[in-house]
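Please explain how the aromatic side chains, the backbone geometry and the confidence scores of this model may be read together. The account should proceed from ring pairs to the annotated domain and then to individual loops.

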Amino acid sequence: MAPVLVLWMAVCLSGTWAVDKGNFKTCDQSAFCKRQRALKPGESPYRALLETMELTNTRLTLQLINDNNKVRLLLELYRLQGNITRVKINELKPLKPRYEVPDVLIREPPTEPLSLLSQDENGVVLSLGAESQRVIVSARPFRLDIMEGREVLMSLNSRGLLAFEHLRMPKEEEEKVEDGMWEETFKSHSDSKPNGPSAVSLDFSLPGVEHVYGIPEHADTLRLKTTDNGDPYRLYNLDVFQYELYNPMALYGAVPVMLAHNAQRTTGIFWLNAAETWVDISSNTAGKTVFGKMLDYVQGSSETPQTDVRWISESGIIDVFIMLGPTPKDVFSQYASLTGTQSFPPLTSLGYHQCRWNYNDQEDVQSVDAGFDEHDIPYDFIWLDIEHTDGKRYFTWDPHKFATPKEMLQGLMDKKRKMVAIVDPHIKVDSNYKIHNEIRSRGFYIKNKDGGDYEGWCWPGSAGYPDFTRADMRAWWASMFAYDQYEGSMENLYTWNDMNEPSVFNGPEVTMHKDAMHGAWEHRDVHNTYGFYVQMATAEGLIQRSGGVERPFVLTRAFFAGSQRYGAVWTGDNAAEWDHLKISIPMCLSLGLVGISFCGADVGGFFKSPSTELLVRWYQTGAYQPFFRAHAHLDTPRREPWLFGPENTALIREAVRQRYTLMPYWYQQFYQAHRTGQPVMRPLWVEYPQDPATFALDDEFLIDLAVLGISQTFLCVPQVWFDVHTFQKHNGAQNLYIPVTMSSIPVFQRGGSIITRKLRVRRSSSCMEHDPYTLYVALNPQRKAEGELYIDDGHTFNYEKKEFIHRRLSFANNILSSVNLAPDAQFTTRSWIERIVILGASKPSKVTLKAADGQESQIEFDFDASMSVLTLRKPGMNSGADWTVMLQ
């Protein structure tokens with residue numbers, strides 16, 4: 001389906017404070033990054049030993065040799081279903097096994113046949129099946145080229161930067177020993193490196209490409225920048241206090257997936273490695289102005305644009321999936337086939353979340369809850385941070401401030417509201433704490449290099465860190481969410497995993513020592529998956545406590561590829577500054593491109609105190625981002641929505657209410673994301689892939705068929721767009737200047753789309769379950785429109801048993817109809833259609849409703865000739881029924 005909504009917001013920009021960069025490594029301070037970056041292009045020591053080639057129906061294997069040290073590698077090449085090529089490189093005979101990332105792929109990817117087209121002493125050519133795609137393996141130096149027809153889509157090791165540091169015994173004499181190979185020091189911390197150097201690296205060349213995206217998480221623009229004059233982008237999950245904007249420093253999560261796009265094709269690279277990783281990007285057109293490119297063209301000296309990317313990881317193997325598109329939606333589907341789609345969240349979790357570090361006690365929670373009712377602002381979840389526990393012991397409640405948690409939860413449940421409480425993965429070392437004693441007695445803690453339980457400093461003081469890479473540990477952790485284990489919990493209590501990078505206040509770079517041990521593996525091998533496993537185990541616990549019936553809601557700060565399967569993420573500890581509001585858009589867009597759609601930023605900013613205008617604007621933006629939560633630091637003044645005067649309360653109320661009217665639409669978008677892997681919040685280039693004007697835009701975005709912008713000049717892409725508030729029509733293919741007042745949120749519905757809303761906003765989304773729908777039909781120049789309506793129970797897994805309603809809504813030839821898209825599904829709803837608003841309409845003489853049984857009746861209508869808006873009053877049909885409305 002094409003895009004439906006667009007949003008804009010005017011933002012003033014101001015300077016930002018900076019993180020203490022001295023706490024975090026640069027590439028020069030990371031020994032393996034510095035070593036690898038020192039390699040010169042064009043001097044590859046690797047060649048393919050063609051005589052070792054073996055080709056079966058499903059894979060090619062081939063040995064590579066490093067002519068400098070004679071170490072042999074094994075190359076495996078697979079053609080996977082869905083236009084994906086997998087390349088694995090490992091040592092042929094490693095001293096001990098090297099880490100290969102488990103649990104991230106949803107299954108062993110199914111293969112398709114490879115066939116040999118030709119072979120000589122210089123290389124081999126293999127067919128990739130469809131559309132004349134083939135792989136050329138060149139022998140000396142080793143190189144892979146993926147081609148379609150005469151066009152090179154991607155080249156591997158074309159710059160000769162493949163590197164594979166083999167495992168070796170300490171101080172092999174023929175090896176040159178450099179600083180940091182066998183031991184490394186950063187500040188006061190030492191990394192013992194018992195396995196020595198083990199880095200891997202590979203370069204990829206992308207001819208014809210100037211725009212690359214992805215590899216979150218970074219507080220940077222959507223389009224990735226070249227890194228020639230600075231550090232590479234870093235992927236290493238870290239607790240970065242007061243992070244800085246517009247730089248390549250690592251943040252809380254790491255998804256090693258990059259998308260490359262031009263007007264002809266979209267491709268993707270998924271680098272499956274959980275160790276610390278750096279990504280270098282260079283381009284032959286970087287720094288050239290539009291005028292410079294035009295001058296090249298006029299002078300006949302223009303070269304084909306090309307982007308070169310190099311991945312460098314500290315350990316593990318090379319395991320890369322090359323997704324060949326050719327469309328953006330194909331790449332999303334290809335990646336989803338590998339790591340899964342966004343989990344289908346409970347409908348209520350798409351509502352508004354009120355959070356603070358910390359609500360003081362049960363009376364405070366009750367007072368805030370009552371404040372929302374008093375000021376007629378809907379919300380679904382109120383949150384508790386670490387202070388709700390008994391001395392930072394998770395799974396407990398402060399016996400004085402939260403003495404009767406079930407009474408508090410029941411009070412929320414009576415209003416059809418819910419709560420989220422934090423459960424962090426650092427466990428207070430305390431012999432009187434049941435959770436600690438259980439983990440220690442079962443041997444579930446991560447070990448230090450000497451074999452004892454690893455201990456670090458975090459919120460509780462001295463803390464142990466459970467080894468979530470162990471399936472038995474995760475199963476035990478999940479069992480702790482059972483109602484008879486987690487005392488005071490009820491079915492309307494959900495969970496938030498913070499600090500799961502993991503954060504270790506007294507550790508190197510505020511995280512765990514790399515030589516800590518997870519069974520046979522060092523922490524360096526698994527680091528970026530720690531948060532992924534914490535969220536996995538927590539989500540499983542919430543599912544199990546309901547007997548497998550209820551969908552979980554779990555928010556995580558740290559994440560990896562595949563985290564989309566387990567819940568939501570947020571952009572961490574942002575600040576109350578205009579630039580942080582602005583950066584929330586490209587940060588969430590980048591996450592959506594790599595599968596994680598359920599993303600949001602702390603509304604209002606976590607650190608510092610927002611001006612009233614910034615707070616209002618942030619609510620107006622947050623209401624149109626997938627995860628909508630306000631959150632604030634312990635030391636900031638209270639900022640519940642009604643504390644800023646009646647005028648601002650009204651503006652915030654209106655923004656939140658707009659979110660609630662669109663809940664059916666949001667829910668439908670998440671159903672589609674869950675089914676197909678398409679992002680919910682997406683950049684304009686995804687829907688307009690041939691329009692270069694959209695390729696670098698990151699202050700506007702689409703929610704399927706709606707677009708939101710945040711600058712006063714709003715790029716209007718092709719087609720017709722309608723202001724969702726005023727119904728004013730804007731023709732496409734022009735830049736619009738849209739004046740914005742404090743009370744306006746610039747959101748636009750695409751002509752040719754139908755959006756479902758519920759206009760009777762109540763105190764929570766659950767209270768609106770049976771309320772009627774209003775359909776907004778925006779006609780395109782051909783006087784057509786289409787959309788969908790999806791309904792299920794909103795909270796269980798019963799949709800997997802075909803218990804849902806899924807209908808196609810379409811308008812053509814002056815007939816609006818609702819047709820069943822899932823005839824084998826069974827679900828009933830009490831909701832009905834109470835209004836139909838048609839934008840860009842003409843005035844009919846009469847409007848007739850034809851029901852499923854053939855009965856016809858007349859529908860009352862109003863027509864606004866000045867805006868060409870036709871409103872049909874109370875047609876009255878059930879939302880799950882077949883019907884037709886005819887305009888005559």
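A residue is called buried when its relative accessible area is under 20%, and exposed when that area is over 50%. By this criterion Phe344 is buried, because its relative accessible area is 4%. The model under discussion is a predicted one, and its chain averages a pLDDT of 94, with 94% of the residues scoring at least 70. An exception must be noted for residues 7-17, over which the pLDDT is below 50. This stretch nevertheless has 53 contacts in the model beyond near neighbours in sequence. Where pLDDT is low, the predicted coordinates should not be read in detail.

Aromatic contacts offer a convenient entry to the fold. The structure holds 49 aromatic pairs. In one of them, the ring centres of Phe204 and Trp271 are 6.4 Å apart and the ring planes stand at 80 degrees; planes over 60 degrees apart count as edge-to-face, so this pair belongs to that class. The two residues are 67 positions apart in the chain, with Phe204 in strand S14 (residues 200-207) and Trp271 in strand S18 (residues 266-271), and the pair thus links distant parts of the chain. Phe204 has a relative accessibility of 0% and therefore counts as buried. Trp271 is likewise buried, its relative accessible area being 0%.

A further edge-to-face pair is formed by Phe344 and Tyr790, at 5.9 Å centre to centre and with 65 degrees between the planes. Here the link between distant parts of the chain spans 446 residues: Phe344 belongs to the loop between helix H3 (328-339) and strand S22 (352-354), whereas Tyr790 belongs to strand S45 (residues 785-791). Tyr790 has a relative accessible area of 2%, so it is buried. Phe344 also has a charged partner, since Arg551 lies over the face of its ring at 4.3 Å from the ring centre.

Elsewhere, Phe381, Trp383, Tyr494, Trp496, Phe553, Trp570, Phe598, Phe627 and Phe670 form one aromatic cluster. A charged side chain is placed against a member of this cluster too: Arg629 lies over the face of Trp570, at 5.0 Å from the ring centre.

The UniProt record, in an unreviewed entry, places the feature "domain: Glycoside hydrolase family 31 TIM barrel" at residues 343-668. In the model this span is 34% helix and 13% strand, and its end C-alpha atoms lie 13 Å apart. Helix H11 occupies residues 612-622 and is mostly covered, with nine of its eleven residues buried. Among these are Leu614, Leu615 and Val616, and the buried set also includes Arg617, Trp618 and Tyr619.

Backbone geometry merits separate attention. A cis peptide bond joins Trp357 and Asn358, with omega of about 10 degrees. Asn358 is located in the loop between S22 and helix H4 (362-374). Another cis peptide bond, between Glu501 and Pro502, has omega of about 5 degrees. Pro502 occupies the loop between strand S28 (493-497) and strand S29 (517-518).

Positive phi values provide a second type of backbone detail. Ile215 is not a glycine, yet its phi is positive, at about 40 degrees. The residue is found in the loop between strand S15 (211-214) and strand S16 (233-235). Its relative accessible area is 0%, so Ile215 is buried. Phe727, again not a glycine, has a positive phi of about 70 degrees and lies in the loop between strand S39 (721-723) and strand S40 (729-730).

The loop between S15 and S16 also contains Thr227. Thr227 counts as buried because its relative accessibility is 3%. Leaving aside residues up to four places away in sequence, Thr227 touches Arg37, Pro232, Tyr233, Val279, Asp280 and Ile281.

What sense of pairing relates strand S2 to strand S3? Strand S2 (residues 46-55) and strand S3 (residues 59-66) run antiparallel to one another and are paired over six bridges. A hairpin of three residues joins S2 to S3, and Leu55 stands opposite Leu60 in S3. In a regular strand the side chains alternate between the two faces of the sheet.

Conventions: Residues numbered from 1 in each chain as written. Heavy atoms only, no water. Phe/Tyr/Trp six-rings, centres within 6.5 Å; stacked < 30°, edge-to-face > 60°. Helix = DSSP H or I, 4+ residues; strand = E, 2+ residues; numbered from the N terminus. Buried < 20%, exposed > 50% of the residue type's maximum accessible area, 1.4 Å probe, protein only. Lys NZ or Arg CZ within 6 Å of the ring centre and 35° of its normal. pLDDT = per-residue confidence, 0-100. Contact = heavy atoms within 4.5 Å. UniProt positions renumbered as here; feature names shortened; annotations may be inferred. Pairing = 2+ DSSP bridges.
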